[in-house]
Amino acid sequence: MAVDLSISKGTKAAQYQSLLPQIKALMEGEDDLIANLANVAAALKEQFNWWWAGFYLVKNDELVLGPFQGPVACTRIKKGKGVCGKSWVMAAALIVPDVEQFPGHIACSSLSKSEIVVPILKENAVVGVLDVDSEHLNHFDQTDQAYLEELVTFINFNDASD
Ligand code: SME
């Protein structure tokens, strides 16, 4: 069965509106977390061609690298560290227009210039984060935040810790 993604070329909102139902459909009927996260990262990269898009998963009180698309990345991030660790502690999305201005930013890639991190919640606890990096400054805004927050609600985390 072909599962090709249909790529939209409209506004940013239109691109998300085209992509999100496709991502939802890709995950329907599949309960393997790694398979689903891998497809989400691939779909985001294919639609937006961001520098890096992927997941860090909470394991034993730190974030551990999960499925992603882009250059190799740091494997572990301590709670509260970097943009990802802060988003985890705050249980809130963080938009960083210029990573050099963010105290404690962890530079996995020296080419990354701006970033957005969205926490993934299960039963009110953060179980991971979606992290997206751009090689352009000021690349992410409230539109990205709104759609990425919606996207992560599609992810079934039931097999992460069970
Ligand atoms: N910049 C992130 C680290 C992860 S990489 O960008 C893939 C941070 O400061 O948490």
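Which backbone atom lies 2.7 Å from a nitrogen atom of the ligand? Select isoleucine 106 to find out: a backbone N or O atom of this residue sits at that distance from the ligand nitrogen. Keep in mind as you look around that this is a predicted model.

**Stop one: around the ligand**

Stay with the ligand and bring up its surroundings. There are 13 residues around the ligand, and those that come nearest are Val83, Cys84, Ile106, Glu115 and Asp133. Next, click on histidine 105, where an N or O atom of the side chain is 3.3 Å from a nitrogen atom of the ligand. Then move to aspartate 133: a polar atom of its side chain lies 3.0 Å from an oxygen atom of the ligand.

**Stop two: the cavity**

Now hide the ligand and think about empty space. Rolling a probe the size of a water molecule over the atoms shows where such space is left. Here the count comes to 1 cavity of 30 Å³ or more, and the volume of the largest cavity is about 170 Å³. To find its centre, select Ile106, Cys108, Glu115, Asp131 and Asp133, the closest to that point of the 19 residues that line the cavity. You have already met Ile106, Glu115 and Asp133 among the residues that come nearest to the ligand.

Colour the lining by type and you should see 12 nonpolar, 4 polar and 3 charged residues. Then switch to a cartoon view and pick out β1 (52-59), α3 (82-90) and β6 (125-134), each of which supplies at least two residues of this lining. Which of the elements gives the most to the lining? That is α3, with 3 residues.

**Stop three: the cysteines**

Select cysteine 74 and cysteine 108 together. They form a disulfide, with their sulfur atoms 2.1 Å apart, and a search of the whole structure finds 1 disulfide. Look along the S-S bond: its torsion is about -130°, so the disulfide is left-handed. Trace the chain from either end of the bond. Cysteine 74 lies in the loop between β2 (62-69) and β3 (76-78), while cysteine 108 is in the loop between β4 (94-96) and β5 (114-122), so the bond ties together parts 34 residues apart in sequence. Both ends are partly exposed, with a relative accessibility of 23% for cysteine 74 and 33% for cysteine 108.

Finish with cysteine 84, which is in no disulfide; the nearest cysteine sulfur, that of cysteine 108, is 7.5 Å away. Is cysteine 84 buried or exposed? Its relative accessibility is 4%, so cysteine 84 counts as buried.

Notes. Residues numbered from 1 in each chain as written. Predicted model: local features only at pLDDT ≥ 70, side-chain atom pairs only at ≥ 80, totals over all residues. Heavy atoms only, no water. 1 Å grid on protein atoms, 1.4 Å probe; cavity = no way out; pocket = protein on both sides within 12 Å on 5 of 7 lines; lining within 4 Å. Points joined across faces, edges and corners; volume = space filled by probe spheres on them. Helix = DSSP H or I, 4+ residues; strand = E, 2+ residues; numbered from the N terminus. Nonpolar A, V, L, I, M, F, W, Y, C, P; charged D, E, K, R; others polar. Disulfide = S-S within 2.5 Å. Buried < 20%, exposed > 50% of the residue type's maximum accessible area, 1.4 Å probe, protein only. Near = heavy atom within 4 Å. Polar contact = N/O pair within 3.5 Å; in protein donor to acceptor, adjacent residues only side chain to side chain.
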